[in-house]
Amino acid sequence: MPSVSASDLRAMLDRIPLLKGLEDALLNRLATIVRVRSYRRRAHVILKGSVGEEMFFVLHGKLQVVDTSDSGREVGVNMIETGDIFGELSLIDGEPRSASVIAVSESLLAFLPRGAALNLFFHNPLVAERMLRRMAKRLRDVSKYQTLVAIPNAFARIYALLQQLAEQEHAGATTIENMPTHQQLAIMANASRETVTRAIRSLIRAGVLAKDHRRLLILDPEGLRRAAEKDGPKKIS
């Protein structure tokens, strides 16, 4: 187990949106129940089809949910960031894990056993409400993703994915913070890494995007929208 003091662990749990603001006694009890483990980059945390015996709190790091298509190709479903939780669905319905989870950076996770997790869900109205909101958002995200992967043109899929990842920042700037790698984007868009690189370069040349270290600036959101609705970089206007 990594060296994490009880007070630090308690503070980390309080920063998890699902747990934030809960009673001190409950957070202190959770801190004594969870097990903490670190994962190196590219390590598998969950394997699709495995039995779900715990849920996970991301104390630090970044992970990716990965499924496998009928053809055997890995398809990235979504990214998991610091403060997120995952693995709860198998605890609720008793079914095997529906996808794999891979660390894309060094990550620190806390495991909450199934019994304690179900007790947390069913006996804390605030947690139950947050879980319902989370599941509703997940259903909406799945719908968006199904629409994305149904786009036949790889360039248009990548442009649409960038639209989904973009966030409205202060002063009207639209950005993608902590930009995923081209390989991660390729898995998410069901495309090759080379295609992702070509697609992003085409938008940079067209003045739609600009890079700023690990951040991608959307200089022309309307241009990105038009690109996503067309068949490729040659049709960007």
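This briefing walks through selected features of the structure above, topic by topic. The model is a predicted one, so please read every value below as computed from it. Two good places to start are the open sheet of four strands, ordered E1-E8-E3-E6, and the cluster of rings formed by Phe56, Phe86 and Phe111. After those come a helix pair, a hairpin and a few individual residues.

**The four-stranded sheet**

- Pairing in this open sheet is antiparallel, and the strand order is E1-E8-E3-E6.
- Strand E1 (35-39) and strand E6 (85-86) sit at the edges, each pairing on one side only.
- Strand E3 (residues 54-60) and E6 run antiparallel and are joined by two bridges.
- Within that pairing, Phe56 has Phe86 of E6 as its bridge partner.
- As general background, strands of a sheet pair through backbone hydrogen bonds, in either a parallel or an antiparallel way.

**Helices on the sheet**

- Helix H1 (residues 6-14) lies across E1, E3 and strand E8 (107-113), and runs at about 100 degrees to E3.
- Helix H4 (residues 114-122) also packs on the sheet, where it touches E3 and E8; its direction makes about 80 degrees with that of E8.
- Asp8 is a residue of helix H1, and with a relative accessible area of 42% it is partly exposed.
- If you are tracing distances, the C-alpha atoms of Asp8 and Asp93 are separated by 32 Å, and the two residues are 85 apart along the chain.

**Aromatic rings**

- Searching the whole structure gives three aromatic pairs.
- In one of them, the ring centres of Phe56 and Phe86 are 4.7 Å apart with their planes at 10 degrees, so this pair counts as stacked.
- Phe56 belongs to strand E3 and Phe86 to strand E6, so the pair ties together parts that are 30 residues apart in sequence.
- Both partners are hidden from solvent by the numbers: Phe56 is buried at 1% relative accessibility, and Phe86 is buried at 4%.
- Ring pairs also bring in Phe111, linking Phe56, Phe86 and Phe111 into a cluster.

**A buried glutamate**

- Glu88 is part of helix H3 (residues 88-93).
- Its relative accessible area is 1%, so Glu88 counts as buried.
- Setting aside neighbours within four places in sequence, Glu88 contacts Met55, Phe121, Met131, Arg134 and Arg138.

**The H5 and H6 pair**

- Two packed helices are described by the angle between their axes and the distance between the axes.
- Here, the axes of helix H5 (residues 125-149) and helix H6 (residues 154-165) come within 9 Å and cross at roughly 160 degrees.
- H5 and H6 are therefore roughly antiparallel to each other.
- On the H5 side the contact is made by Lys144, Leu148 and Val149, and on the H6 side by Arg157, Ala160, Leu161 and Gln164.
- By type, the residues of this contact of H5 with H6 comprise four nonpolar, one polar and two charged.

**Strand E12 and its partners**

- Strand E12 (residues 215-218) shows alternating side chains: Leu216 and Ile218 point to one face and are buried, whereas Arg215 and Leu217 point to the other and are not.
- That fits the general picture, in which side chains of a regular strand alternate between the two faces of the sheet.
- Strand E10 (residues 174-176) is joined to E12 by three bridges, and the two run antiparallel.
- Strand E11 (residues 209-212) is joined to E12 by four bridges, again running antiparallel.
- Ile218 of E12 has Thr174 opposite, and Leu209 stands opposite Ile218 as well.
- The hairpin of E11 and E12 has two residues between its strands, and His213 there takes a positive phi near 60 degrees.

**Positive phi in loops**

- Most residues other than glycine have a negative phi.
- Arg42 has a positive phi, near 80 degrees, and is not a glycine.
- The place to look for Arg42 is the loop between E1 and strand E2 (44-46), and at 61% relative accessibility Arg42 counts as exposed.
- Asn190, also not a glycine, has a positive phi of about 55 degrees.
- Asn190 sits in the loop between helix H7 (182-189) and helix H8 (193-205), and is partly exposed with a relative accessible area of 26%.

Notes:
Residues are numbered from 1 along each chain as its sequence is written. This is a predicted model: local features need pLDDT of at least 70, side-chain atom pairs count only at pLDDT 80 or more; totals for chains, interfaces and linings use all residues. Side-chain values use heavy atoms; hydrogens and water are left out. Axes are lines fitted to C-alpha atoms, for helices over the stretch in contact, and angles run from 0 to 180 degrees between N-to-C directions. Angles under 35 degrees count as roughly parallel, over 145 as roughly antiparallel, 65 to 115 as roughly perpendicular and the rest as oblique. Contact means heavy atoms within 4.5 Å. Ala, Val, Leu, Ile, Met, Phe, Trp, Tyr, Cys and Pro count as nonpolar, Asp, Glu, Lys and Arg as charged, and the others, Gly among them, as polar. Two strands pair if DSSP finds at least two bridges between them. Buried means under 20% relative accessible area, exposed over 50%, partly exposed in between (1.4 Å probe, protein chains only). Rings of Phe, Tyr and Trp (its six-membered ring) pair if their centres lie within 6.5 Å; planes under 30 degrees apart count as stacked, over 60 as edge-to-face and the rest as tilted.
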